Amino acid sequence: MAGALLVCWGVALTLVIMRGKNRKAEAGIARERSSSGFLPTVANPGPAPGPAPQGMAWIPGGEFSMGSDSTAESLCSISGVTRDAQPVHRVYVDGFWMDATEVTNEEFQKFVTATGYKTVAEAAPTKEEFPTVLPELLTAGSTVFTATPQRVPLNNFAQWWRFEPGADWRHPTGPDSNLQGREKYPVVQVAYEDAAAYAKWAGKRLPTEAEWEFAARGGLTGKLYAWGDELKPGGKFQANIYEGTFPVQDGDTGEDGFKGLAPVAQYAPNPYGLYDVAGNVWEWCSDWYREDTYAAQKAQGGVARNPQGPASSLDPEEPDQPKRIHRGGSFLCTDQYCSRYMVGTRGKGEVRTASNHLGFRCVREAPPDAGSTPASRTGG
Ligand SMILES: [Ca+2]
């Protein structure tokens, strides 16, 4: 839904939050890495099953340890939030093709031109959908990050997220914004169903969370970031995140090369040829969100094969909000507040809530006999 929801770092929240539900601030992040349980990634052997579809990279699939051992993370001032990325557990995924970059504005434009598709944010929500929301708030639009005039306590994200009437994928930050010169930027302001509709049109689908993490890890084992354990190896930024004082106007120093959103593929790809699996925009995955998904998989023992996520969503923080997974973090991720560009951590979002730091990329399944092991074909 476009009208009454706010999204924050992958957490979609209703206007209930704006009525004063604050959470304790936990600025600053201590990274306590527990005994991790990471075992080596074992990628399926063999080459890609054929030439790569345009703009896609072959992800061989295989077995890996999924999750995060960074236990003291904070997200929207919710302490210990990476607990939902624990325990680290063993997962197998079949091989697949994946978009090398997030879907861009020019790619999404082709879809809209071909189909006449209208995104969620372009339609005003109805009273039937949201009977308790004030009628004046039932207007087309979406959520937009807005820097604050001065420093603020990082305990209430409503200070820097607002509902902007007229914000949609063509007008990412409101009716006065446009896509001129932004053809190669990731499309944003897309709800889950918008991303899924694009994927279907393109003959693709959205990745499962396990596929996404296997791909993002690029064959490495148990690293904190997609590229290793150091944020800036050799002093060099690897992703478009946020440096400076958050979320203050002109606070983003752009030390990584970009203040705000960046075009796709401005940093080195991971070993599988994927760009921007950390930072820039969050990416939708197809799994429903539950904080206990990993615990349930671990409890089953063995290796979770091609997991599709739980049958339904449950976020204890907001049990009435159906949420799916977000991955990868965004240009607003900062160690002062939220550093969920760490590869094993998870995000989540209400399915009809879009924002200007949320996009997606797609996958395409390989032919049935490619990129899988006999066990995965027979044992599911
Ligand atoms: Ca940046």
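Let me begin at a small detail of the backbone: just after helix H1, Gly 116 takes a positive phi of about 70 degrees. Please keep in mind throughout that what we have on the screen is a predicted model.

From that glycine we can step back into H1 itself, which spans residues 105-115 and whose buried residues are Asn 105, Glu 107 and Phe 108. These three cover an arc of only 165 degrees around the axis, which puts them on the same side of H1. On the other side of the helix, Thr 113 and Ala 114 are exposed. And what do the buried residues of H1 pack against? The answer is helix H2, which runs over residues 192-201.

H2 brings us to the interior, where the largest nonpolar core has 78 residues, and where those with the most contacts inside it are Ala 57, Met 98, Val 190, Ala 195 and Leu 274. Several elements each supply at least two residues of this core, including H2, H3, strand E4 at 56-59, strand E9 at 96-99 and strand E12 at 282-288. As general background, nonpolar side chains in soluble globular proteins tend to be buried together. If you would like one residue to look at in this core, I would suggest Ala 195, which, leaving aside its neighbours within four places in sequence, is in contact with Val 190, Leu 206, Trp 284 and Phe 360.

Now to helix H3, residues 209-217, where nine of the nine residues are buried, so that the helix is largely enclosed by the rest of the structure. The buried residues of H3 are not just nonpolar ones, for among them are Glu 209, Glu 211, Glu 213 and Arg 217, along with Trp 212 and Phe 214. H3 is followed by Gly 218, whose phi is positive, near 60 degrees.

Finally, the strands E4 and E9, which I mentioned with the core, also belong to an open sheet of three strands, in the order E4-E9-E17 and with antiparallel pairing. Why is one side of E4 and of E17 left without a neighbour in the sheet? Both E4 and E17, the latter at residues 363-365, stand at the edges, each with a single partner strand, and therefore one side of each has no neighbour there. The twist averages 25 degrees from one strand to the next. Between E4 and E9, which run antiparallel, there are four bridges, and if you follow E4 in the model you will find Met 56 standing opposite Asp 99 in E9.

Notes: Residues numbered from 1 in each chain as written. Predicted model: local features only at pLDDT ≥ 70, side-chain atom pairs only at ≥ 80, totals over all residues. Buried ≥ 20, exposed ≤ 12 C-beta atoms within 10 Å, placed from the backbone. Core = buried A, V, L, I, M, F, W, Y, C linked by C-beta atoms within 7 Å. Contact = placed C-beta atoms within 7 Å. Pairing = 2+ DSSP bridges. Axes fitted to C-alpha atoms, helices over the stretch in contact; angles between N-to-C directions. Arc of directions from axis to C-beta.
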